[in-house]
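Trainee: I am new to this structure and would like a close look at a single part of it. Could you take one helix where two chains meet and walk me slowly through its surroundings?

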Amino acid sequence: MGKRILTVDNISKSYGDKHVLENINITLNQGELVSILGVSGVGKTTLFNVLSGLIMPDSGNVTLYSHNSASGIQSSVVSNNGNTDSDTGDEKEVAGGDSTQTTDITGKTGYLSYMLQKDLLLPHKTVIENAALPLLLNRMPKKKALKIAGEQFEHFGIEGTQYQYPAELSGGMRQRVALLRTYLCDKEVALLDEPFSALDTITRASMQQWYIDMMKDIKLSTLFITHDMDEAILLSDRIYILKGSPASIADEIIIDEPKPRNSEFGLTDKFLSYKKIIRDML
Amino acid sequence: MKNDNNKNNRKSTTDKSVKLTGVNFVPVIVIVVFLLVWQAACTLHWVPGYMLPSPIQVIQAFIGDFPLLMSHAKVTLIEALLGLFCGVLLGFVCAVFMDSFPLVKKGLYPILVISQTIPPVAIAPLLILWFSYGIAPKVILVVLVSFFPMAVGLLDGLQSVDEDMIKLMKSMKATKSQIFRYAKFPAALTEFFSGVRMAVAYSVVGAVISEWLGGFSGLGVYMTRVKKSMAYDKMFAVIFFVSVISLLLMALVSVIQRKVMPWSKVR
């Protein structure tokens, strides 16, 4: 596995009398996809709101270890951006030629990219403008931003939709655009909050396979929220089970199956035994 | 599967619009029948001629007084558009303030709503008392009547944006003004234009009402004059003229809306 990229240390959060999260500990390594599995309403989204810096935890820390060794496309985005907000790193260490910056990002926005369950595309912007939103918000010249976004359309399987409006796209396509937008946020860690759960079963299955295929080429470290056991087992390197009230990490399961996987994996005994373990835990 | 759904949706919307243009003939037929009955009532003397002029007499009156009507209309239109511009601008600023500062909204919104229970006809004499018979009291009344639909409509629009959208943009480190420019204002455009459409209708009526109560020219002044001379045919002509002006202005707003919001045609 790759180097450590994100540590979530003893996060607790309550709203008034309601204790939502208790002592959450999560680690994420470079290139990993780690799922956080739990029933609806357990506090998964609250956890992501804390990680993305939108809300401040009552206690605990979120630490980002920035390696600056993102994929070629991403680093070209960075250089075009002229805006690397990881300059504020507390300490610098050199490890194996890569410089690692450690940043305490607790309660700070703009360090991780965040994708919500809804695609949240702006209806009045064309697809390409929607995808380029993070670049435009970063005050990149529009022409440049659209060019960088446009180069990714083929890879994300949405070629030809550039100048359509989101309302003209199907649910699956819209979600791909939202994913491209998340990717163009150009952060080393992505938080995906049930990105496929609003899709119908067939579209969801094809999106999961598409996502696996696409992740081969993109070195993105991902934290993935889901309430779907099959999805978690199929996509993840590791799964954290979030449960209880207040929610805490009940267990961590390592899915020991080489990647890239295909949907056949979902029919094996191994898959089912994982599923049984998780079901018993929930 | 999703694609098929989309196609079906699009098909059903075009079906609907075909149906809608079909439906649009119904009011035209109703109006034609109404005019025929009206004409019959006059020519067959069901109603005494001095009380109700026939549609043909009204049209003759309109054509006869056309140059005079135009010169009065010019004055009324200037008042209405000047007031409308100021009212829309004021409503816009007010809505943005109420949206940005919850305290301002809390303090101002109920007062705005209560103020709408005061009929403009009641304020118009006061305005004339304060600002004399010139253009000022008319413009001010138009500002007062057009301001409210703008402020309230736009505020509703600004606050209709999905909370999650704002959350997402905040996670991308968007500033307040960026959130306004990229998400809030475009989302409020539909309401903005409905507000303007309503304000346009109010503004013409507002200008005419304030002219009734005192002034030297304008369609409202023309109205009071023809009323005093019992020229009911001219009275009807000017009433229809005022509503045609309002309709044309509202249609103009819709045309601008379609130009400004090309994405709304997609739905």
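Mentor: The buried residues of α8(B) pack against α1, β7, α4 (133-137) and α6 (171-184) of chain A, together with α9 of chain B, where packing rests on contact, meaning heavy atoms within 4.5 Å. Helices and strands here are DSSP runs numbered from the N terminus, a helix being H or I over at least four residues and a strand being E over at least two. This is a predicted model, in which local features need pLDDT of at least 70 and side-chain atom pairs count only at pLDDT 80 or more, while totals for chains, interfaces and linings use all residues. Residues are numbered from 1 along each chain as its sequence is written, chains are lettered from A and ligands numbered from 1 in the order in which they are written, and side-chain values use heavy atoms, with hydrogens and water left out.

Because 7 of its 9 residues are buried, α8(B) is largely enclosed by the rest of the structure; buried means under 20% relative accessible area, exposed means over 50%, and partly exposed is in between, all with a 1.4 Å probe and protein chains only. The buried residues are B:D164, B:M165, B:I166, B:K167, B:L168, B:M169 and B:S171. At the N-terminal end of α8(B), B:D162 acts as a cap, with a side-chain oxygen 2.9 Å from the backbone nitrogen of B:D164. After α8(B) comes B:K173, which has a positive phi, near 65 degrees.

From this helix we can follow one side chain across to the other chain. B:D164 and A:K118 meet through their side chains in a salt bridge of 2.9 Å, N to O, the term standing for a side-chain nitrogen of Lys or Arg within 4 Å of a carboxyl oxygen of Asp or Glu. A:K118 lies in the loop between β7 (113-115) and α3 (127-131) of chain A, whereas B:D164 lies in helix α8 (residues 163-171) of chain B, so the pair joins two chains. A:K118 counts as partly exposed, at 41% relative accessibility, while B:D164 is among the buried residues of α8(B). The pair also belongs to a network of salt bridges that links A:K118, B:D162, B:D164 and B:K167; B:D162 is thus both a member of this network and the cap of the helix.

The helix can now be placed within the interface. In all, 25 residues of chain B are in contact with 31 residues of chain A. The area buried between the two chains is about 2700 Å², of which carbon and sulfur atoms give 66%; buried area is the accessible area, with a 1.4 Å probe, that two parts lose on being put together, summed over both. The rule finds 2 salt bridges across this interface, and there are 6 residue pairs in polar contact between chain B and chain A, both residues being at pLDDT 80 or more. A polar contact is a pair of N or O atoms within 3.5 Å; within protein, one must be able to donate a hydrogen and the other to accept it, and residues adjacent in sequence count only if both atoms are side-chain atoms. On the side of chain B that touches chain A, α1 (2-23), α8 and α9 (176-212) each supply at least two residues, and α8(B) gives the most, with 7 residues. That side divides into 12 nonpolar, 5 polar and 8 charged residues, where Ala, Val, Leu, Ile, Met, Phe, Trp, Tyr, Cys and Pro count as nonpolar, Asp, Glu, Lys and Arg as charged, and the others, Gly among them, as polar.

For a wider setting, a search of the whole structure finds 17 salt bridges over all chains. One of them, within chain A, pairs A:K270 with A:E257, the closest N and O atoms being 3.0 Å apart. A:K270 sits in helix α9 (residues 269-281) of chain A and A:E257 in the loop between β11 (248-254) and α9 of chain A, 13 residues apart. A:K270 is partly exposed, with a relative accessible area of 35%, and A:E257 is partly exposed at 23%. Chain A itself has 9 helices and 11 strands, and of its 282 residues 54% count as buried.
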